[in-house]
Amino acid sequence: RYGDVAILLRALSEVKTYERALRRAGVPYYVVAGKGFYDRPEVADLLNLLEFVDNRTDELALAAVLRSPLFGVSDDTLLALRIERLGDGATRPRRQRVAPRPLYDAVLTHRSIPFIADDQHAALEEAAETLSLLLELRNRLPLSELLVEAIRLTACDVVAAAALDGAQRLSNLDKLVRVARDFERGAL
């Protein structure tokens, strides 16, 4: 049976080659590795979400979360959210000055911002609702429960399951929740 077989590697530098070969052969696999776990996209997306929930002024984390599959906001929309033009009419300088708009405020007021496509407004509405709810819950729930709620609200487990390496991604989400529980118990 597949579960009776393990491939042990001295280093993970060539693990992608093995993953591709196993996937092509239709062999289910699971990679157990501490190194690189936090760099996995599904884990990094949730960590960025938690970074923002912990510090709502962390605009880099917010931009990463918005751009990720959690919300799917486009680069053009991020630019429209971020840039606010200054000056108008006769007082406008020859070269119109541009200033950054606070990103979270822009997400909350996205309907009033020009140059955003209709489908992006739907994604931003979902993001605004989800982020607002998580910000309300951040001091009411333990970290692991907040993480479980973030996974539920964003349906990132569904997205992870649909990937070619879906079983691995789901396992990584479970591991992240376990790590959070261990942290809460002081086991880390």
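Which helices do the buried residues of α7 pack against? In this predicted model, the partners are α2 (41–54), α6 (118–137), α8 (156–162) and α9 (166–184). Let's start with α7, move on to its partner α2, and then follow the salt bridges.

## Helix α7

Helix α7 covers residues 143–154, twelve residues in total. At 1.5 Å a residue it should span 16 Å, and its end C-alpha atoms are indeed 16 Å apart, so the expected and computed values agree. Just after the helix, Ala155 takes a positive phi of about 55°.

If you would like to find the buried side of α7 on your screen, look for Ser144, Leu146, Leu147, Glu149, Ala150, Ile151 and Thr154. Among these buried residues is an acidic one, Glu149.

## Helix α2

Helix α2 has 14 residues. From its first C-alpha to its last it reaches 20 Å, close to the 20 Å expected at 1.5 Å a residue.

The buried residues here are Glu42, Val43, Asp45, Leu46, Leu49, Leu50, Phe52 and Val53. What covers them includes α3 (59–67), α5 (103–108), α6, α7, α8 and α9. Keep Glu42 in mind, as this residue returns below in a salt bridge with Arg169.

## Where α2 meets α7

The axes of these two helices come within 11 Å and cross at roughly 115°. The crossing of α2 past α7 is right-handed. By class, the contact of α2 with α7 has nine nonpolar residues, one polar residue and no charged ones.

On the α2 side, the residues in this contact are Leu46, Leu49, Leu50 and Val53. They meet Leu143, Leu146, Leu147, Ala150, Ile151 and Thr154 on the α7 side. Several of these are also on the buried lists: Leu46 and Val53 are buried in α2, while Leu147 and Ile151 are buried in α7.

## A salt-bridge network

How many salt bridges does a search of the whole structure find? The search finds eleven. Within a network of salt bridges, Arg40, Glu42, Asp165 and Arg169 are linked.

One pair in this group is Asp165 with Arg40, whose closest N and O atoms are 2.9 Å apart. The pair links distant parts of the chain: Asp165 lies in the loop between α8 and α9, and Arg40 in the loop between α1 (15–24) and α2, 125 residues apart. With buried meaning under 20% relative accessible area, Asp165 counts as buried because its value is 13%. Arg40 is buried too, with a relative accessible area of 14%.

Another pair is Arg169 with Glu42, where the closest N and O atoms are 3.8 Å apart. This pair also links distant parts of the chain, with Arg169 in helix α9 and Glu42 in helix α2, 127 residues apart. Glu42 is buried, at a relative accessible area of 7%, whereas Arg169 is partly exposed at 23%.

## A salt bridge between Asp182 and Arg185

Asp182 forms a salt bridge with Arg185, and their closest N and O atoms are 2.5 Å apart. Is Arg185 buried or exposed? Arg185 is exposed, since its relative accessible area is 60% and exposed means over 50%. Its partner Asp182 counts as partly exposed, at 23% relative accessibility.

Technical notes: Residues are numbered from 1 along each chain as its sequence is written. This is a predicted model: local features need pLDDT of at least 70, side-chain atom pairs count only at pLDDT 80 or more; totals for chains, interfaces and linings use all residues. Side-chain values use heavy atoms; hydrogens and water are left out. Helices (H or I, at least four residues) and strands (E, at least two) are DSSP runs, numbered from the N terminus. The expected span of a helix is 1.5 Å times one less than its number of residues. Buried means under 20% relative accessible area, exposed over 50%, partly exposed in between (1.4 Å probe, protein chains only). Contact means heavy atoms within 4.5 Å. Axes are lines fitted to C-alpha atoms, for helices over the stretch in contact, and angles run from 0 to 180 degrees between N-to-C directions. A crossing is left-handed if the near helix is turned anticlockwise from the far one by less than a right angle, and right-handed if clockwise. Ala, Val, Leu, Ile, Met, Phe, Trp, Tyr, Cys and Pro count as nonpolar, Asp, Glu, Lys and Arg as charged, and the others, Gly among them, as polar. A salt bridge is a side-chain nitrogen of Lys or Arg within 4 Å of a carboxyl oxygen of Asp or Glu.
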